[in-house]
Amino acid sequence: MKKVFGCSDQNPMSPGSTSKINASWIDDSGREIPHNFIALTIDARRSAFKYMKMVEVLKNGTQLLIRWNVEYVSPQAISTAAVILAESDPNTSVTLEFFWGAWARESGFRPANALRRMIDIAPYAHVIPLLGTKMFPRNSNDVRSEGQLIRETFEHWDMKSTSAEHRAGPDGLGHYSDYSLAFNYDTSDSDLMMSHIGVSSTAVSVFGSNWAIDALGRECLRSQPDYEYEERVCSDYIGVMDTGEVRVDHVRAFIRRPNNDPVWVTYKRLLMRSRNAMGVPTLVAISEASDDIAIPLMAA
């Protein structure tokens, strides 16, 4: 799974981009200027988006990415970005990243749809978003319709959960362990502790690999940098661990990150009780990043 949440990181495009990026800034008068006009530091980029009211445009072959601050962007800058969209090849794949209380990333657009989305976003320039985490419970009977990763992981668990010989990995999920977080009770059976963090898990894409090293062995409610977010999303862990019932949720979360801007993160989540290679009951959380969730960022 690619890293998709580093919207305000210093790198101009997400990992996986080639060196053939055509990058530029659009200033508050609507002119395109060289990308190196703004230093690749977080403070310089914050100033460009907020105080200089600029738009960042990055082209990479048939991919186009546009970044701006919804509240502060100048009308002339966003208008030039709209012209760039209108003049793009209809088959261009467009990603929009915009700051509205936090960085949001929406991908998979064609230019015409991206332009409509930018028009829809514009009226929210002076609307203050509710900064928090929202969860929408889903019918667990429909778990197979919630996305490829969730479906495949659930089916693997469903087939193998009663077979000790197939309990491979720290959570009994075999190669799907790369995408999971796993928790076990401590010796007093009172607190769930972080026992495994998959290298391709959504949490690693948000908080980074250094966090993953430090978080192992911590209590689940104190394993991530944003405790407010963590307490909200972890509130159902013990219930699933104790009952064994499968739980599926859609999540839209405002997440604070140390030494970086906050981000909006949207994902589908599967919680279930498994057993690790030693047969120990283990809570497993599988999250699949998705824009297609039942919680809109901005009210219609």
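Against which strands do the buried residues of α1 pack? To answer this in the viewer, note that the model is predicted: local features require pLDDT of at least 70 and side-chain atom pairs count only at pLDDT 80 or more, while totals for chains, interfaces and linings use all residues. Residues are numbered from 1 along each chain as its sequence is written, and side-chain values use heavy atoms, with hydrogens and water left out.

**Helix α1.** Select residues 42-50, then I42, R45, A48 and F49, the buried residues of this helix (buried: under 20% relative accessible area; exposed: over 50%; partly exposed: in between; 1.4 Å probe, protein chains only). Helices (H or I, at least four residues) and strands (E, at least two) are DSSP runs numbered from the N terminus. The four residues lie on the same side of α1, because they cover an arc of only 125° around the axis, the arc being that of the directions from the helix axis to the C-beta atoms. Add β1 (22-26), β3 (55-60), β4 (63-69) and β6 (103-109), against which the buried residues of α1 pack; contact means heavy atoms within 4.5 Å.

**The loop after α1.** Move next to Y51, in the loop between α1 and β3. Y51 is exposed, with a relative accessible area of 60%.

**Helix α3.** Select residues 111-121 and highlight P111, A114, R117, M118 and I121, which are buried. These residues share one side of α3, since their arc around the axis is only 120°. Their cover includes β4, α2 (75-86), β5 (93-99) and β6.

**Salt bridges.** The structure holds 17 salt bridges, each a side-chain nitrogen of Lys or Arg within 4 Å of a carboxyl oxygen of Asp or Glu. Display E106 and R117, whose closest N and O atoms are 2.7 Å apart in such a bridge. This pair links distant parts of the chain, with E106 in strand β6 and R117 in helix α3, 11 residues apart. Both E106 and R117 are buried.

Turn then to R105 and E97, a salt bridge with closest N and O atoms 2.3 Å apart. R105 is partly exposed at 22% relative accessibility, whereas E97 is buried at 0%.

Finally, select R269 and D236, whose side chains meet in a salt bridge (4.0 Å, N to O). R269 lies in strand β11 (residues 263-275) and D236 in the loop between α7 (227-233) and α8 (237-243), so the pair ties together parts 33 residues apart in sequence. R269 is buried, with a relative accessible area of 1%. To close, colour R45, E56, R67, E97 and R105, which salt bridges with shared partners join into one network.
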